[in-house]
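User: Could you take a close look at one part of this model for me, the helix packing? I would like the geometry and the contacts together.

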Amino acid sequence: MAQQPGVPGEDFNSSGDTPASSGGTSTWGYIAQFVFTMLQLNFLLLFTLSPILFVVLALANPLQAILGLGLALVLISPGIAAAFATFRDCPTLHTALAGSGRAGMATPAASAAGAIAGSYWSAEDGNAVFKPYFRAYRRLAKRALLVSLPLTVFTVIVIVEMQMLTQVSWATYLVPTLLVLLLLALGAWLPSLVMVVEMPQAKVVPIIRNGVYLALRRWYLTLLNLLTLVALSVGLIMETIIVAVFIMGPVLYFVWANSRWLLMPMVEALENACLDDLPPDQRRRLTRRYGR
């Protein structure tokens with residue numbers, strides 16, 4: 001049987017144990033493993049997020065280079081998706097943060113059906129970060145780019161329209177609406193990337209549609225994510241080395257955790273759609289709604 005993306009033949013869901021959870025590692029040992037893993041991830045992010053770092057750091061006013069900023073947002077999407085897969089399945093992070101070896105949140109039925117991705121970490125990876133990160137990057141790159149492109153194009157168009165409207169007298173009536181649309185597009189980007197990681201069979205249009213819905217449904221978390229990313233950008237401009245090496249990974253973990261929490265009802269619905277005792281019409285309705 002063909003193997004679904006993000007569903008390795010052998011993962012950490014099969015036994016419930018990870019190498020990091022075996023033995024008698026102390027709390028300080030877990031903390032040390034967590035910090036070391038985050039440092040490795042930050043190093044990887046320096047490369048995969050280099051386009052946006054270049055735009056933010058090299059240009060005096062990045063907002064004046066809208067096309068460059070939009071292109072950079074599209075190019076970094078696979079790197080962010082791979083980081084989300086790392087937060088989801090890296091056994092070191094799971095053990096240090098939750099003391100649990102269960103990778104991801106897919107039930108065996110949902111994982112076997114391909115509705116929810118299995119672990120991006122295989123049993124052979126152990127506590128490694130580099131190899132599974134780039135494996136997840138390759139698997140997620142195409143869909144992450146396809147999802148990010150229309151959202152970014154829409155964002156660029158809205159920003160250009162806002163700049164043009166500043167030259168007319170009635171701009172005050174339209175600019176607030178355009179600003180809301182801009183925040184909504186940017187806010188939908190993060191949960192959409194989480195869906196790329198979690199749902200290997202979901203199509204691009206349903207992912208974007210559900211991303212917008214999730215961003216609206218929990219608007220306060222969307223606003224919190226956006227403020228966090230703004231703070232990260234300011235930190236990169238003011239203290240580039242410190243933020244890039246030590247803070248970027250934990251900040252992305254924070255926005256991933258917020259976005260993933262938004263996704264929980266959808267994941268539960270897809271898992272229910274994989275149950276054998278669910279009526280066929282209800283199963284088809286659930287899978288059609290969430291993009292399979």
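Analyst: Happy to help; here is a walk through one helix and its neighbours. This is a predicted model, in which local features need pLDDT of at least 70 and side-chain atom pairs count only at pLDDT 80 or more, while totals for chains, interfaces and linings use all residues. Residues are numbered from 1 along each chain as its sequence is written, and side-chain values use heavy atoms, with hydrogens and water left out.

Let's start with α7, residues 171–198. Helices here are DSSP runs of H or I with at least four residues, numbered from the N terminus. At 1.5 Å a residue, the 28 residues of α7 should span 40 Å, and its end C-alpha atoms lie 41 Å apart, which agrees; the expected span is 1.5 Å times one less than the number of residues. Even so, α7 has a kink of about 25 degrees at Trp189, shortly before the proline Pro191. The bend is the angle between axes fitted to the seven residues ending at a residue and the seven starting there.

Now to its partners. Helix α3 (residues 66–89) packs on α7 at an angle of about 60 degrees, with the axes 9 Å apart. Axes are lines fitted to C-alpha atoms, for helices over the stretch in contact, and angles between N-to-C directions run from 0 to 180 degrees. That makes α3 oblique to α7; angles under 35 degrees count as roughly parallel, over 145 as roughly antiparallel, 65 to 115 as roughly perpendicular and the rest as oblique. Among the residues in this contact (heavy atoms within 4.5 Å) are Ile80 and Phe84 of α3 and Trp189 and Leu193 of α7. So the kink residue, Trp189, is also part of this contact.

Helix α6 (residues 130–165) comes within 9 Å of α7, axis to axis, and crosses α7 at roughly 170 degrees. The two are therefore roughly antiparallel to each other.

Finally, α3 has another neighbour: the axes of α1 (residues 27–48) and α3 come within 9 Å and cross at roughly 165 degrees. That makes α1 roughly antiparallel to α3. Here Met38, Leu41, Leu45 and Thr48 of α1 meet residues of α3 including Ile76 and Phe87.
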